[in-house]
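Got your viewer open? Load the model, set it to cartoon view, and keep the selection box handy.

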Amino acid sequence: MTRYRSHMDLALAEARAAALRGEVPVGAVVTDPDGRVVASAGNRCRELSDPTAHAEILAIRAACAALGSERLPGHDLWVTLEPCPMCAGAIAGARIARLYYGADDVRMGGVAHGARVFSHPQCHHRPEIYDGISADPARIILREFFTARR
């Protein structure tokens, strides 16, 4: 068994970079079963004119491309904000083993709030879920971003 190592610092760096691009500051990192980073990304919805270009989706796509596989069994996903229902569906489809996320998203979340995708009987894969990892820094990045926009 590999030793636990948080990759949330890299996810937070991706979120900060997204904010600098004018994107909602969310970052994601995919790691392999040995804890090595396979891919990382931040939101790029505005830049790509693509409503599906969430950090999680982009990181999963990049990891799958790097590995030449449509699934990522045994891999972990680190994300700064609770995934939305769309991203939770992609996490299930990719067969991510463990999901680590920071801040809760009461309004748009799809894991612990809202749709609760992994709790739905039709969900075919449920990752282990660990929430609240670096939640305070993730919330601060989001709060500062939206405060500056108002």
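This tour goes from the whole chain to strands, core, rings and two single residues.

**Before you click**

You're looking at a predicted model, where local features need pLDDT of at least 70 and side-chain atom pairs count only at pLDDT 80 or more, while totals for chains, interfaces and linings use all residues. Residues are numbered from 1 along each chain as its sequence is written, and side-chain values use heavy atoms, with hydrogens and water left out.

**Stop 1: the whole chain**

Color by secondary structure. You should find five helices and five strands; here helices (H or I, at least four residues) and strands (E, at least two) are DSSP runs, numbered from the N terminus. Walking from the N terminus, you pass α-β-β-α-α-β-α-β-β-α. The radius of gyration (taken over C-alpha atoms) is 14 Å, and the globule rule (2.2 Å times the number of residues to the power 0.38) gives 15 Å for 150 residues, so the chain is as compact as a globular protein of that length. Its C-alpha atoms fill a box of roughly 45 × 30 × 30 Å along the principal axes.

How much of the chain is buried? Of the 150 residues, 46% are, where buried means under 20% relative accessible area, exposed over 50%, and partly exposed in between (1.4 Å probe, protein chains only). Now think about contacts, meaning heavy atoms within 4.5 Å. Of those in the chain with a separation of 6 or more, 57% are between residues 24 or more positions apart.

**Stop 2: strand β3 and its partners**

Select residues 76–81, which is β3. This strand is mostly covered, with six of its six residues buried. Two strands pair if DSSP finds at least two bridges between them. On that basis β1 (27–31) pairs with β3 in the antiparallel sense over four bridges; click V30 and you'll see it opposite L77 in β3. β3 and β4 run parallel, joined by five bridges, and D76 stands opposite R98 in β4.

Next, trace the backbone from β3 through α4 to β4: this β-α-β crossover is right-handed. The term says that, with the strands pointing away from the viewer, the path from the first strand over the helix to the second runs clockwise. Try turning the model to check that for yourself.

**Stop 3: the nonpolar core**

Show side chains for I60, L72, L77, I91, L99 and F118. They have the most contacts inside the largest nonpolar core, which holds 39 residues. Such a core is a set of buried Ala, Val, Leu, Ile, Met, Phe, Trp, Tyr and Cys residues joined through side-chain atoms within 4.5 Å. Elements giving two or more residues to this core include α1 (8–20), α3 (55–67) and α5 (135–149). The largest share, six residues, comes from α3.

Zoom in on F118. Not counting residues up to four places away in sequence, F118 touches A88, I91, A92, L99, V111, C123, H125, R126, P127 and I129.

**Stop 4: the rings**

Rings of Phe, Tyr and Trp (its six-membered ring) pair if their centres lie within 6.5 Å; planes under 30 degrees apart count as stacked, over 60 as edge-to-face and the rest as tilted. By this rule there are three aromatic pairs. Select Y100 and Y130: their ring centres are 5.0 Å apart with planes at 20 degrees, so this pair is stacked. Y100 lies in β4 and Y130 in β5 (residues 128–130), so the pair ties together parts that are 30 residues apart in sequence. Y100 is buried at 6% relative accessible area, whereas Y130 is partly exposed at 35%. Add W78 to the selection, and you have a cluster linked by ring pairs.

Then jump to F145 and F146, an edge-to-face pair at 5.1 Å centre to centre and 85 degrees between planes. F145 is buried at 8%, while F146 is partly exposed at 31%.

**Stop 5: two single residues**

Select A90, in helix α4. A90 is partly exposed, at 24%, and touches I57 and I60, leaving out residues up to four places away in sequence.

Last, select H113, in the loop between β4 and β5. Is H113 buried or exposed? At 17% relative accessibility, H113 counts as buried. Beyond its neighbours within four places in sequence, H113 is in contact with E82, D104, D105 and V106.
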